[in-house]
Amino acid sequence: MALVAENISLYLSGFNILRNINLSISAGKVTAIVGPNGAGKSTLIKVLSGDILPTSGGVLLNDKKLDRWPLEQRAKTMSVLPQHSSLDFPFTASEVVSLGRIPHQTGVQKDNEIVKEALDLVDASYLKSRFFTQMSGGEKQRVQLARVLAQIWEKEVYGEQFLVLDEPTASLDLSHQMLTVKVVTDLAKQGVGVVMVIHDLNLAASCADHIVVFDKGIIAATGQPDQVLNQELIGKVFGINPVIISHPNTGKPLVFS
Ligand code: ADP
Ligand code: MG
């Protein structure tokens, strides 16, 4: 079972934003999507999560077309963190995370336990009674991550579960970047398919089973980190002259621009 983009193309305002994208996100694996600004990464995430309909092609979630899924079942199966989630109400962190429990009928007591554990997991318990509108960028990001984790907290009966994250580490300090990586790799070990857009190539290399390199609306390369993070490809796609070495401890690629 997988989350699959089948030959997706998208034309918007006369531009080819996505061109013939074929991609399969496997359960139990971490797939990282990297690429320059404007490459189409967030647009692909919006198509994968059903926010935008592609001009052609389609998305399959566990072998069933996305638009055939009843919304509540889909929400329990796939949880999505957009790049920009605007929330201007003075909700506390606990209230924001409890939004992730809306599709569930598990009762207030159980939901409160899950909200507490989800906040704990992202090191945001201290924010539980604070207003979302008054938090720092990194705090907001962790609370939103807790919300999407709470949405797929329990195993469900509709097949494999997927977590779709658009730049979850963008505003985080180093230790919270590492924490996020740990949270998503632990989830993958439990069988969840994780796909995340991430700018830091070294962070991607440290946690991803697969890296997908996006460039101008197409997939420029896909494969394991050491296959994809090579000097020629990264140099060409990002317009830099990188130095790439092996991490002395892990052996994973390390990219210096
Ligand atoms: P990334 O997330 O890789 O930085 P995006 O997916 O946000 O890039 O955007 C890809 C390209 O599509 C950009 O050039 C952006 O300007 C363009 N784009 C996004 N949404 C629209 C839209 N609604 N109409 C026209 N162009 C759009
Ligand atoms: Mg983006």
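Trainee: Which residues surround ligand 1?

Mentor: This is a predicted model, where local features need pLDDT of at least 70, side-chain atom pairs count only at pLDDT 80 or more, and totals for chains, interfaces and linings use all residues. Residues are numbered from 1 along each chain as its sequence is written, chains are lettered from A and ligands numbered from 1 in written order, and side-chain values use heavy atoms, without hydrogens and water. A residue is near a molecule if one of its heavy atoms lies within 4 Å of it. Around ligand 1 stand L12, S13, I17, P36, N37, G38, A39, G40, K41, S42 and T43.

Trainee: How many nonpolar, polar and charged residues does that shell have?

Mentor: Ala, Val, Leu, Ile, Met, Phe, Trp, Tyr, Cys and Pro count as nonpolar; Asp, Glu, Lys and Arg as charged; the others, Gly among them, as polar. The shell around ligand 1 then holds four nonpolar, six polar and one charged residues.

Trainee: What distance separates an oxygen atom of ligand 1 from a polar backbone atom of G38?

Mentor: A polar contact is a pair of N or O atoms within 3.5 Å. S13 offers a polar side-chain atom 3.4 Å from a nitrogen atom of the ligand. A polar backbone atom of G40 lies 2.9 Å from a ligand oxygen. For G38, the distance is 2.7 Å.

Trainee: Which helix packs on the sheet β2-β1-β4-β5?

Mentor: Helices (H or I, at least four residues) and strands (E, at least two) are DSSP runs, numbered from the N terminus. Strands pair if DSSP finds at least two bridges between them. This open sheet is antiparallel, and its edge strands are β2 (15-26) and β5 (64-65). The helix touching β1, β2 and β4 (contact: heavy atoms within 4.5 Å) is α1.

Trainee: Why is one side of β6 and of β10 left without a neighbour in the sheet?

Mentor: The six-strand open sheet runs β6-β7-β8-β3-β9-β10, with mixed pairing. Strands β6 (78-81) and β10 (218-223) stand at its edges, so one side of each stays free, since each has a single partner strand.

Trainee: Which residue in β8 is the bridge partner of L165?

Mentor: Strands β7 (residues 162-166) and β8 (residues 193-197) run parallel, joined by five bridges. The partner of L165 there is M196.

Trainee: Which residue in the turn between β11 and β12 has a positive phi?

Mentor: β11 (residues 243-246) and β12 (residues 253-256) pair antiparallel over four bridges. They form a hairpin with six residues between them. The residue, with phi about 80°, is G251.

Definitions and conventions:
Axes are lines fitted to C-alpha atoms, for helices over the stretch in contact, and angles run from 0 to 180 degrees between N-to-C directions. A polar contact is a pair of N or O atoms within 3.5 Å; within protein, one must be able to donate a hydrogen and the other to accept it, and residues adjacent in sequence count only if both atoms are side-chain atoms.
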